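Trainee: I am new to this one and would love a guided tour. Could we look at it together?

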Amino acid sequence: MNTNPRLEVETDRNMAADSASALLRSNMYGLLASVFREEPTQTLIRELRGPRLSEVFSAMDIDLGETFLNTSESETVEILGLEFTRLFIGPGRHISAHESIFAEMDGDTGSLWGKKTVEVKNFIETTGLGYEPEFNGIPDHVSVELEFMQKLTAWEAEKWEQQDAKNAEYCRSVQRMFLDHHLLCWVPKFCDEVIKQAEIPFYATMAELTKNYMEFER
């Protein structure tokens, strides 16, 4: 049986590039999930201000605002925590970060634990992923859906690293399905609401980044 060493080297190189690309996507999804999951911690603030992400933000011309950049970590946590609560929790008028609210508003009144929530729950569980025992949230929260994509892209990276092209492509097909049927259907509208209602630059900028990234993924 004849083999072509040059072709094998090229294939290995392509798989390594695909693995690196999937890992970069996984990191981005992980970052966005952490921003919308809960009130920011000092650890998250430190990561966002660190040299690695600062360089990325600078290259993308992303400005998180003077408040974020020039106040102490503890003060920044307090300021952003108040903004997070006002935007996403209440008790006043706030933005629901759940697909069932945004995706079912056209023609019907969106409600928590709606049809889309069940679809997302079933989709995630079909892949074999579950929830941490302490998780008591709702499966179609934006952070859960973004974290799900983080896991899928990490799996893809792992499969390319193992030179398992068949399962890597399968991971991609699952990602595409979840994007088409869920994230792309509502996250841009969610981001528009955040941009409209944010009072300080941080969450408006992160929402704009998320919306742009959804377009990139499309």
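What follows is a short set of questions and answers about this model.

Mentor: Happy to help, and two notes come first. This is a predicted model, in which local features need pLDDT of at least 70 and side-chain atom pairs count only at pLDDT 80 or more, while totals for chains, interfaces and linings use all residues. Residues are numbered from 1 along each chain as its sequence is written, and side-chain values use heavy atoms, with hydrogens and water left out.

Trainee: How many helices and strands does the protein have?

Mentor: Helices (H or I, at least four residues) and strands (E, at least two) are DSSP runs, numbered from the N terminus. Along the sequence the pattern reads α-α-α-α-α-α-α-α-α-α. The count is therefore ten helices and zero strands.

Trainee: What percentage of the residues is buried?

Mentor: Buried means under 20% relative accessible area, exposed over 50%, and partly exposed in between, with a 1.4 Å probe and protein chains only. Of the 218 residues in the protein, the buried ones make up 43%.

Trainee: How far apart are the end C-alpha atoms of H8?

Mentor: The expected span of a helix is 1.5 Å times one less than its number of residues. H8 has 20 residues, so it should span 28 Å. The model agrees, as the end C-alpha atoms are 29 Å apart.

Trainee: Which residue makes a polar contact with the side chain of Ser143?

Mentor: Ser143 is found in helix H8, and it counts as buried because its relative accessibility is 4%. A polar contact is a pair of N or O atoms within 3.5 Å; within protein, one must be able to donate a hydrogen and the other to accept it, and residues adjacent in sequence count only if both atoms are side-chain atoms. Here the two side chains are joined at 2.9 Å, and the partner is His141.

Trainee: Is Gln163, with its positive phi, buried, exposed or partly exposed?

Mentor: Gln163 comes just after H8, in the loop between helix H8 (142–161) and helix H9 (165–197). Its phi is near 60°, a positive value in a residue other than glycine. With 47% relative accessibility, Gln163 counts as partly exposed.

Trainee: And is Asp61 buried or exposed?

Mentor: Asp61 also has a positive phi, about 60°, although it is not a glycine. Asp61 sits in the loop between H3 and helix H4 (66–70). Its relative accessibility is 71%, so Asp61 counts as exposed.

Trainee: Which peptide bond is cis, with omega near 20°?

Mentor: Look in the loop between helix H5 (73–88) and helix H6 (99–103), where Pro91 lies. The cis bond leads into that proline, running from Gly90 to Pro91.

Trainee: Which helix gives the most to the lining of the second largest pocket?

Mentor: On a 1 Å grid over the protein atoms alone, a pocket is an open set of points where a 1.4 Å probe fits, with protein on both sides within 12 Å along at least five of seven lines; lining residues have an atom within 4 Å of a point. This pocket has a volume of about 320 Å³, the space filled by probe spheres set on the points, which are joined across faces, edges and corners. Of its 15 lining residues, the closest to the centre are Leu24, Arg25, Asn27, Met28 and Val56. Helix H1 (5–37), helix H3 (51–59) and helix H10 (201–217) each give two or more residues, and the most, eight, come from H1.
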